[in-house]
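Student: I would like to go through this structure with you, beginning with its charged side chains. May I ask short questions as we go?
Tutor: Please do.

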Amino acid sequence: QVQLVESGGGSVQAGGSLRLSCAVSGYIGSTYCMGWFRQAPGKEREGVATISSGSDRYYADSVKGRFTISRDNTGNTVYLQMNSLKPEDSAMYYCAAKRFGCTARTVVTGAADFGYWGQGTQVTVSS
């Protein structure tokens, strides 16, 4: 059984930074992909970033250059460093995990492929 617990959300002013953390417990697989997704009220869930067990990283166009996904050496924690935050970044952010890898397409269309999800952490960016 895999459990994901997000933390680090909060309220910041536009231009500020936050670092989200995702604590991972349980075994996903020898090959896996971790992802961050977000959902604002009334909007579809969208992919933000993914990182594979091989350290391949992919980002949504809307966050590329501002956000960085990473993980520690053990894979027990996945991070999302968010810089230059904009009001449109406001959303509930979810950590997710899946077996096998991820590609550039995964961050865009692969939400349904992720079998494990955290409870979410709220990010609010004020203008």
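Student: Which residue forms a salt bridge with arginine 66?
Tutor: That residue is aspartate 89; the closest N and O atoms of the two are 2.8 Å apart. Please keep in mind that this is a predicted model.

Student: Where do arginine 66 and aspartate 89 lie?
Tutor: Arginine 66 lies in the loop between strand 6 (57-59) and strand 7, and aspartate 89 lies in the loop between strand 8 and strand 9, so the pair ties together parts that are 23 residues apart in sequence.

Student: Is arginine 66 buried or exposed?
Tutor: Arginine 66 has a relative accessibility of 11%, so it counts as buried, because buried means under 20%. Aspartate 89 is buried as well, with a relative accessible area of 1%.

Student: How many salt bridges does the count come to?
Tutor: The count comes to three salt bridges. In one of them, the side chains of arginine 38 and aspartate 89 meet at 2.9 Å, N to O. This pair links distant parts of the chain, 51 residues apart: arginine 38 is in strand 4 (residues 32-39), while aspartate 89 is in the loop between strand 8 and strand 9 (91-99).

Student: Which residue meets glutamate 46 in a salt bridge?
Tutor: Arginine 38 does, with a distance of 2.7 Å from N to O. Arginine 38 is buried, at 5% relative accessibility, whereas glutamate 46 is partly exposed, with a relative accessible area of 35%.

Student: What are Arg38, Glu46, Arg66 and Asp89 linked in?
Tutor: They are linked in a network of salt bridges. In general, side chains of opposite charge can pair when their charged atoms come close.

Student: Let us change topic to pockets. How much space lies in the largest pocket?
Tutor: About 170 Å³ of space lies in it. The largest pocket is lined by 13 residues, and the closest to its centre are Glu46, Gly47, Val107, Val108 and Thr109. Glu46 is therefore a lining residue of this pocket that is partly exposed.

Student: Which element gives the largest share of that lining?
Tutor: Helix 1 does, with four residues. Strand 5 (46-52) and helix 1 (106-109) each supply at least two residues of the lining.

Student: And how do the residues of that lining divide into nonpolar, polar and charged?
Tutor: Six are nonpolar, four are polar and three are charged.

Student: Now the strands, please. In what order do the four strands of the open sheet come?
Tutor: The order is 1-3-8-7, and the pairing is antiparallel. Strand 1 and strand 7 (67-71) are the edge strands, each pairing on one side only. On average, neighbouring strands of this sheet are turned by 15° against each other, direction ignored.

Student: How many bridges join strand 1 to strand 3?
Tutor: Five bridges join strand 1 (residues 3-7) to strand 3 (residues 18-25), and the two run antiparallel. Glutamate 6, for example, has cysteine 22 in strand 3 as its bridge partner.

Student: What about strand 3 and strand 8: over how many bridges do they pair?
Tutor: Strand 3 pairs with strand 8 (residues 77-82) over six bridges, in the antiparallel sense. Leucine 18 stands opposite methionine 82 in strand 8, and serine 21 stands opposite tyrosine 79.

Student: What holds paired strands together in general?
Tutor: Strands of a sheet pair through backbone hydrogen bonds, either parallel or antiparallel.

Definitions and conventions. Residues numbered from 1 in each chain as written. Predicted model: local features only at pLDDT ≥ 70, side-chain atom pairs only at ≥ 80, totals over all residues. Heavy atoms only, no water. Pairing = 2+ DSSP bridges. Axes fitted to C-alpha atoms, helices over the stretch in contact; angles between N-to-C directions. 1 Å grid on protein atoms, 1.4 Å probe; cavity = no way out; pocket = protein on both sides within 12 Å on 5 of 7 lines; lining within 4 Å. Points joined across faces, edges and corners; volume = space filled by probe spheres on them. Nonpolar A, V, L, I, M, F, W, Y, C, P; charged D, E, K, R; others polar. Salt bridge = Lys/Arg side-chain N within 4 Å of Asp/Glu carboxyl O. Buried < 20%, exposed > 50% of the residue type's maximum accessible area, 1.4 Å probe, protein only.
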